[in-house]
Amino acid sequence: RVDAQKNYRRLVNIHKKLIDDGYKIQTFIIGDGIEKQELEELVKENKNVDSFKFLGRKDNPFPYVKNADLFVLSSIYEGLPTVLYESIIAGTPCITTDVAGANEILDNKYGVVVENNDEALYIGIKQLLDNKELLNKYKENLKYYKFDKQDIIKKVEKILDN
């Protein structure tokens, strides 16, 4: 969904900052929603239409996630960020703001959880872009991830107990 909860405005602005810093990156948003048009305008204002794309709704987003170098969750809040599990299953390292369940899901093995603010997410993304060794460590860990329904249920129960 492209709505306020997901805080893609934050991601659009971080993308611009990274481009201005000289990073050669591409950002793709999968999904539709009430903020899409406003965000597309912001991307135009930032002069980043060539490097920031809105792909719309996809029946199968996994090929896009699987081929990404990094999955970014910029949300203000989440009930349970199942999209992190989807990224892990696809083999893509994650960076996320500190939302419910993020630490338990990533477990310091599959990506980074940062404070839930623009600057922390910007710094975290920049550090991962600059530190290929760390990014590769997460990718290597993902090769050994085993989808275990019972383990996921235990993690969800732990999140719900908090």
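A charge sits over a ring when NZ of Lys or CZ of Arg is within 6 Å of the ring centre and within 35 degrees of the ring normal. With that in hand, here are the close-ups, all drawn from a predicted model.

**View 1. Lys17 and the ring of Tyr122.** This close-up shows a charge over a ring: the charged end of Lys17 is placed over Tyr122, at 4.1 Å from the ring centre. That distance can be read against the cut-off of 6 Å.

**View 2. The largest pocket.** Here we look into a space of about 1,300 Å³, the volume of the largest pocket. Its lining takes in 46 residues, and those nearest the pocket centre are Phe28, Val65, Leu70, Phe71 and Val72. Seven elements each give at least two residues to the lining: H1, strand S1 (27–30), helix H3 (62–66), strand S3 (71–73), helix H4 (82–90), helix H6 (118–130) and helix H7 (132–143). Of these, H1 makes the largest contribution, with 5 residues. For anyone wondering about the chemistry of the lining, it splits into 24 nonpolar, 10 polar and 12 charged residues.

**View 3. Asn7, just ahead of a helix.** Asn7 belongs to the segment before helix H1 (8–20). Its backbone is worth a look, since phi is positive, about 50°, although Asn7 is not a glycine. The relative accessibility of Asn7 is 14%, so this residue counts as buried, the cut-off being under 20%. Once neighbours within four places in sequence are set aside, the contacts of Asn7 are Ser74, Ile76 and Asp118.

**View 4. Phe52 with Phe54.** The model holds 2 aromatic pairs, and this view is given to the one formed by Phe52 and Phe54. The ring centres are 5.4 Å apart and the planes meet at 45°, a tilted arrangement. Both partners, Phe52 and Phe54, are buried.

**View 5. Tyr110 with Tyr145.** In this aromatic pair the planes stand at 85°, so the arrangement is edge-to-face, with 5.4 Å between the ring centres. The two tyrosines come from distant parts of the chain, 35 residues apart. Tyr110 sits in the loop between helix H5 (102–106) and strand S5 (111–114), while Tyr145 sits in the loop between H7 and helix H8 (149–161). Tyr110 and Tyr145 are both buried.

**View 6. Asn108, in the loop between H5 and S5.** This close-up stays with the loop that joins H5 to S5, where Asn108 is found. Asn108 is another residue to check on a backbone plot: its phi is positive, about 60°, and it is not a glycine. With a relative accessible area of 65%, Asn108 is exposed, as the cut-off for that word is over 50%.

**View 7. Lys146, in the loop between H7 and H8.** The last close-up turns to the loop between H7 and H8, home of Lys146. The relative accessibility of Lys146 is 65%, so the residue counts as exposed. Ile88 is shown alongside: the C-alpha atoms of Lys146 and Ile88 are 9.7 Å apart in space, with their positions 58 residues apart in sequence.

Notes: Residues numbered from 1 in each chain as written. Predicted model: local features only at pLDDT ≥ 70, side-chain atom pairs only at ≥ 80, totals over all residues. Heavy atoms only, no water. Helix = DSSP H or I, 4+ residues; strand = E, 2+ residues; numbered from the N terminus. Buried < 20%, exposed > 50% of the residue type's maximum accessible area, 1.4 Å probe, protein only. Contact = heavy atoms within 4.5 Å. 1 Å grid on protein atoms, 1.4 Å probe; cavity = no way out; pocket = protein on both sides within 12 Å on 5 of 7 lines; lining within 4 Å. Points joined across faces, edges and corners; volume = space filled by probe spheres on them. Nonpolar A, V, L, I, M, F, W, Y, C, P; charged D, E, K, R; others polar. Phe/Tyr/Trp six-rings, centres within 6.5 Å; stacked < 30°, edge-to-face > 60°.
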